[in-house]
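Visitor: I am new to this structure and would be grateful for a guided introduction. May we look at the sequence and the model together?

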Amino acid sequence: MEQVMSTINLSAIYPEIILTCFSLLILLMQSFSTPRFKEYYGYVSLVGVLAALAFVVMEPSSFFAQTVVYSFNDMWVVDNYARFFKLIFLLGTGLTILISMKYLEDEAMQYGEYFALILFATIGMMIMASAGELITLFLGLELMSLSLYVLAGYTRVRMVSNEAALKYFILGSFATGFLLYGIALIYGSTGTTSIRAVAASVGKYGLYSPGLVMGMAMLVVAFGFKAALVPFHMWTPDVYEGAPAPITAFMSAGPKAAAFAAFARVFMEGLPALQMEWTWLIWIMAALTMTIGNVIALVQDNIKRMLAYSSIAHAGYVLVAFLAAGELGISSVLYYLLTYTFMNIGAFAIITALSGRGEPRVFVRDYQGLGFQHPFAAVAMSLFLFSLAGIPPTGGFMGKFYIFSAAVKEGYIGLAVIGVVNSVVSVYYYLRVTVAMYMEEPSSVREAEAAAPIFSPALVIAIFISAYGVLSLGLFPSSYVAIVKQSFLALQ
Amino acid sequence: MSWLFKDPVLLAAVLCTWLPFLSMAVILIFTRHKPQLSSYISIGAVSTSLICALYLLIKLVHVGEPVEYRTAWLIADDIIIPFGYLFDPLSLLMLLIVAVISFLVQVYSLGYMAGDPGFSRYYAFQSLFAWAMMDMVIAPGMLQLYIFWELVGLASYLLIGFYYEKWSAGQAGKKAFVMTRLGDIGFFLGLILLVLGFGDLGIVAMNEAAQAQAIPSYLITASALLIFCGVIGKSAQFPLLTWLPDAMEGPTPVSALLHSATMVAAGVYMFSRIFPFFAASPTAMAIALAIGTITMLLSSTMAMATYDIKQVWAYSTVSQLGFMVMGLAAGGYFAGVFHLTTHAGFKALLFLCSGVFIHEYHSNDMRDIGKGGGRSLKIPMVCMTVGALALSGVFPFSGFFSKEAIMGVLAAYPNKIWLLAGLLGALMTAYYSFRLIFMILFPKKVDATMPHDAVHYHQEKDDKIQIDHEEAAAGHGAAHGHGSSHGHEEGHGNVFWYMAWPLIILTTITLVLGFFQHSLEGFLLGHAADAHGGEGGHGAGHYALLIAAVSMGLAGIAWAYYEFGRKGASQEGFLARLPKTQALFANRWYIDRFLRRFLDRAIYGGLTNVFTRNDRRVIDGGIDGFCLFTIGSGRLFSFLQSGMLQYNLLVMVAAVGLVVLYFVV
Amino acid sequence: MQLLMFYLLGLGAVVAALIMVTNKRPVRAAMSLIATMSFLAGLYVLLDAHLIAALQLIVYAGAIMVLFLFVIMLLNIEEKEGRLAGSALLWQMIAIAVVGLVFVLMVSVVKLSDNVVPLGEAAALFGTTRAVGKMLFTEYLLPFEIASVLLLAAIVGAVILAKRRIDDSDQ
């Protein structure tokens with residue numbers, strides 16, 4: 001692997017610069033152009049996302065060249081690991097923008113700031129993936145979180161939305177506090193905030209500095225909060241339920257992946273020497289996260305809330321792979337997060353379409369008979385739910401397959417067993433929706449009052465992209481695996 | 001995607017095998033309500049496949065070594081499951097057969113299925129079949145072969161049960177599916193055994209290892225026998241042969257394509273695919289030979305007793321498949337494959353011809369067709385006679401050459417009893433095919449003026465489908481007059497010619513194919529000719545055999561003529577004088593009844609009972625309990641999960657404490 | 001001397017913070033928060049972080065607290081009287097116990113550790129405006145820029161959440 005060293009290499013942050021420019025552009029358009037252009041803000045931001053995507057792949061050198069570029073005094077790392085995560089974020093952002101456009105119009109929400117904030121959040125996530133230094137990492141996390149707090153409360157007229165934003169904000173601030181405290185402790189015991197320097201220092205001065213260990217504990221808490229791991233998951237259901245549906249889709253994919261990206265970078269690259277220390281902690285957290293997420297999801301009637309708990313459970317699966325930190329482990333993390341982005345955003349796209357103005361129709365009973373009224377939506381929803389449940393031939397199945405085989409290979413058989421039992425449990429609540437769609441008659445009253453779902457072209461495109469992703473990840477896994485493996489190599 | 005365009009062979013292969021899939025998807029998703037468009041899409045896809053298959057054949061005809069493309073479809077550490085293409089003479093030939101017959105049948109169906117309410121669905125399933133069959137044919141590994149083998153079975157199930165509103169059609173579909181599955185269980189077990197014992201399911205690797213005796217012989221015998229179960233199921237060999245006649249419930253073009261020419265031949269194809277592997281186990285070969293022979297004889301007798309035109313060809317298919325298995329199992333690789341090729345041609349021809357009669361007279365009964373004036377449909381009549389001649393092995397039709405090849409192999413076999421069985425089979429084959437021909441050609445009471453009643457009498461017992469057909473006919477505005485026994489061909493316009501052209505093409509193929517025996521032999525055996533040297537060598541020393549075989553065929557025809565053809569013949573056949581035997585034949589030797597008894601007693605009475613109890617008590621009870629438990633605990637947890645902010649914070653801080661405690665201790 | 005100052009300032013900060021959370025009058029609570037911030041600024045001075053200390057006073061004790069007071073006065077928040085309900089009291093006790101335990105745990109861990117990493121001598125200009133400024137614009141240029149984007153996002157967010165009507169801008 002070739003290493004290119006330079007103090008400031010602007011090409012390393014081209015994608016972030018582009019996204020910033022586009023979000024500023026949207027804010028300016030919002031302020032200075034006539035309201036009739038407002039439909040185009042979404043497309044403008046989409047162009048920004050695509051441009052950033054191109055630069056992520058091409059700059060500073062091609063993805064397949066396997067180079068690692070350090071820039072800004074080692075604060076910024078562009079390796080394939082970071083790039084793969086950026087691809088996931090941008091994918092999630094693009095899909096979210098597609099499913100948001102019509103939603104914003106129907107809910108009479110403001111356009112400009114919405115897309116600007118989504119882009120800001122994306123920039124934050126990308127910074128988290130590329131940060132080679134803890135302060136930068138912290139700023140990226142804050143940028144992401146702040147934008148998300150606001151987005152969660154974007155529908156101000158709805159109480160639940162306000163509540164979600166406030167809760168998310170207060171609890172998130174605590175997590176931020178823990179993160180800062182952790183960084184401070186690590187700085188205090190190693191004298192540096194650069195992740196590589198921390199690794200060097202830990203290697204040099206031995207392992208058992210309690211300050212360092214404590215800092216690590218704080219980092220676990222902070223990342224655990226952002227990735228919604230049990231027991232730091234309490235905010236998830238309320239926030240997911242209260243936030244506008246497209247934002248819930250967004251939050252469940254990108255930020256979660258970003259938390260894992262930073263988590264893995266700090267712990268694999270900065271603190272690998274301490275792996276023995278945190279193995280059991282992660283073990284317990286993974287087991288708890290999977291189990292509690294799935295078990296509570298069983299009794300949810302609100303489909304957004306159900307998917308919130310399911311997303312907790314999925315974070316647990318990812319954590320299993322994270323623990324099996326071999327080559328297979330990290331590649332399966334990447335693989336799973338990519339799959340998860342497709343399937344979860346796909347499912348939320350359909351929820352968005354069906355929820356109706358003000359989102360009254362988000363309960364499982366609202367899906368009764370959908371298979372007959374809207375076969376397209378029902379088929380797509382079933383596909384995504386099957387994938388979430390891990391039924392072949394979908395990407396979700398392959399992802400779980402890789403994760404559990406990684407876990408077994410690294411000797412975490414107990415955890416793999418818990419994971420498999422959990423995915424069996426999860427089939428119950430995913431299929432409940434499918435059963436409602438295909439095997440239950442809609443009650444006539446509901447049918448009469450039900451608003452027609454809103455399938456805008458952009459939303460349909462998003463559903464198609466997601467479905468394509470889910471299926472191709474399930475049917476042709478090997479090409480993705482090859483890319484994922486290349487991305488993993490960077491994190492050595 | 002650029003890798004795709006670098007290699008035209010690969011591009012052609014991908015196009016060839018995946019276009020039908022694409023067309024199925026497009027039809028099912030988009031054009032379900034535009035039948036005409038659906039059929040064009042499907043035919044377009046399959047004709048492109050045909051062109052690609054031809055291109056591949058021409059391009060690779062002189063390549064000595066098999067060409068293999070494979071990509072790892074699934075990589076899970078040390079398990080790598082490949083997916084790809086294997087081109088060798090056998091797969092190229094079979095690919096072409098499948099493409100040609102699929103194409104012809106789809107064109108033919110434009111006429112036959114016109115106006116059917118499920119027209120789009122029909123073409124979607126046809127595409128599904130073409131896709132699955134082609135991908136099965138070019139599979140480089142047994143697992144891919146197995147996957148598409150099952151998909152082909154699915155397509156067969158869907159097409160047999162195409163008229164799902166008809167109860168018997170649904171039943172027949174189910175029967176076909178279940179019976180073939182029975183064999184597939186053995187197949188799958190064989191594969192598992194092979195993976196465990198040998199570790200590689202690549203076809204080339206298996207064959208080479210078997211030839212080099214790198215696999216222990218007991219393993220070869222065991223897995224070969226298990227895999228042969230798959231052949232038994234798919235190619236309707238004894239004792240799982242009864243599903244095929246029932247499968248005739250599907251539309252006739254489907255019977256032509258799936259249940260005579262290609263799909264049922266998949267078993268034989270698989271046999272020849274891993275022929276060296278089978279050949280390494282004399283025991284397995286002997287058992288296969290026995291089963292092939294029994295199948296051939298039994299089904300020939302069944303064919304003599306039925307009056308249903310499609311049933312005759314169905315039994316004949318079964319017997320010819322048995323004949324192929326005999327040829328292969330006796331060591332005649334080329335002979336078996338050659339017969340498969342020629343049989344695909346003339347049997348598709350026979351079915352398609354019968355389809356015209358059925359379409360025209362709305363009856364499957366050959367007596368009705370004869371009375372209705374079947375002989376007036378000149379093109380189908382001539383074509384069908386050609387097909388029957390080929391089936392009986394009369395010179396110069398293609399069947400003659402391939403049958404001779406198999407006879408030659410059987411003659412070379414030390415035990416002559418197989419040869420005798422083969423000759424007996426040839427006699428019966430000629431008898432039953434010409435029994436049918438003569439019954440249509442020379443109906444008992446030739447009364448061309450009043451076919452009306454006969455036709456309509458039989459219509460009463462028929463149902464919806466045929467009404468649909470009538471509507472279709474009316475819709476096409478063609479002078480479809482059931483009553484007029486003359487001038488059919490002129491008045492039918494497109495619909496008729498859609499059906500006629502495939503017949504003519506297939507007849508031509510049947511006429512000329514036999515003369516390509518030697519070039520085909522060179523192509524198939526190629527460099528391996530010395531390995532199988534002397535095969536099919538019924539040359540100089542075997543004139544006696546030649547004469548014997550042909551005279552058997554001619555004797556059969558003469559016998560049929562005596563009983564059915566000549567003026568004043570009783571048209572009852574010798575079986576009518578032997579009621580017991582006739583009942584035995586007509587009831588398929590009671591195989592069905594036996595299987596049913598066996599299933600009732602052994603499976604339903606014994607095993608199922610135990611399993612049902614186990615299901616109810618242990619599994620259901622267990623799962624119910626588990627569900628109650630999890631849902632209960634879910635309630636508990638979600639109670640704990642209150643939305644109160646302070647409480648959330650408290651839990652979080654407590655968790656932080658626990659985490660710190662963990663690290664410290 | 002330094003140690004004495006540390007204890008004095010630390011005690012002051014803790015006491016002021018306690019007064020803040022226990023006092024029921026908002027204005028008084030806000031004023032004690034100012035006191036807490038000032039004590040913290042003193043602590044920063046002890047650590048040679050002069051710029052941070054100044055910023056602490058200007059931003060927290062100055063700007064933010066003024067904002068607080070404005071809000072309190074504009075909203076005219078009444079003094080809340082009333083006793084805490086029994087169960088809430090219980091929760092409070094539990095909360096105090098848990099948080100206290102965690103705190104003690106953390107402190108003891110850090111206290112018990114002997115810092116194995118030798119820290120270099122602070123540079124002569126450490127903590128001055130000049131040194132911090134130089135660091136910000138050279139070594140920490142990237143985080144600095146990111147912070148500017150972060151602030152922009154925060155402003156946009158605040159505007160969104162605080163704006164009076166949803167579709168003002170569109171009309």
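**Chains, contacts and cores**

Visitor: How many residues of chain B are in contact with 33 residues of chain A?
Guide: This is a predicted model, in which local features need pLDDT of at least 70, side-chain atom pairs count only at pLDDT 80 or more, and totals for chains, interfaces and linings use all residues. Residues are numbered from 1 along each chain as its sequence is written, while chains are lettered from A and ligands numbered from 1 in the order in which they are written. Two residues are in contact if their C-beta atoms, placed from the backbone, lie within 7 Å. On that basis, the number from chain B that meets the 33 residues of chain A is 27.

Visitor: Which element gives the largest share of the side of chain B that touches chain A?
Guide: Helices (H or I, at least four residues) and strands (E, at least two) are DSSP runs, numbered from the N terminus. Two or more residues come from each of β1 (67-76), α28 (591-640) and α29 (645-664) of chain B. The largest share, eleven residues, belongs to α29(B).

Visitor: How many nonpolar residues does the side of chain B that touches chain A have?
Guide: Ala, Val, Leu, Ile, Met, Phe, Trp, Tyr, Cys and Pro count as nonpolar, Asp, Glu, Lys and Arg as charged, and the others, Gly among them, as polar. This side has eight polar and two charged residues, and its nonpolar residues number 17.

Visitor: Which element of chain A supplies the largest share of the side that touches chain C?
Guide: This contact takes 41 residues from chain A and 27 residues from chain C. Several helices of chain A each supply at least two residues, among them α1 (14-32), α4 (112-130) and α5 (134-152). By class, the side of chain A has 22 nonpolar, 15 polar and four charged residues. Its largest share, ten residues, comes from α5(A).

Visitor: What percentage of the residues of chain C is buried?
Guide: Chain C has six helices and zero strands. A residue is buried if 20 or more other C-beta atoms lie within 10 Å of its own, exposed if 12 or fewer, and partly exposed in between. Of the 171 residues in chain C, the buried share is 12%.

Visitor: What percentage of the residues of chain B counts as buried?
Guide: Chain B has 29 helices and two strands. Among its contacts between residues at least 6 apart in sequence, 80% join residues at least 24 apart. Of its 665 residues, the buried share is 52%.

Visitor: How many of the 19 residues of α6(B) are buried?
Guide: This helix covers residues 142-160 of chain B, and its end C-alpha atoms are 26 Å apart, which agrees with an expected span of 27 Å; that span is 1.5 Å times one less than the number of residues. The helix is largely enclosed by the rest of the structure, because its buried residues number 14.

Visitor: Which helix gives the most to the largest nonpolar core?
Guide: A nonpolar core is a set of buried Ala, Val, Leu, Ile, Met, Phe, Trp, Tyr and Cys residues joined through C-beta atoms within 7 Å. The largest has 222 residues, and those with the most contacts inside it include A:Met128, A:Phe260 and A:Ala262. With 19 residues, the helix that gives the most to this core is the one at residues 327-355 of chain A, α13.
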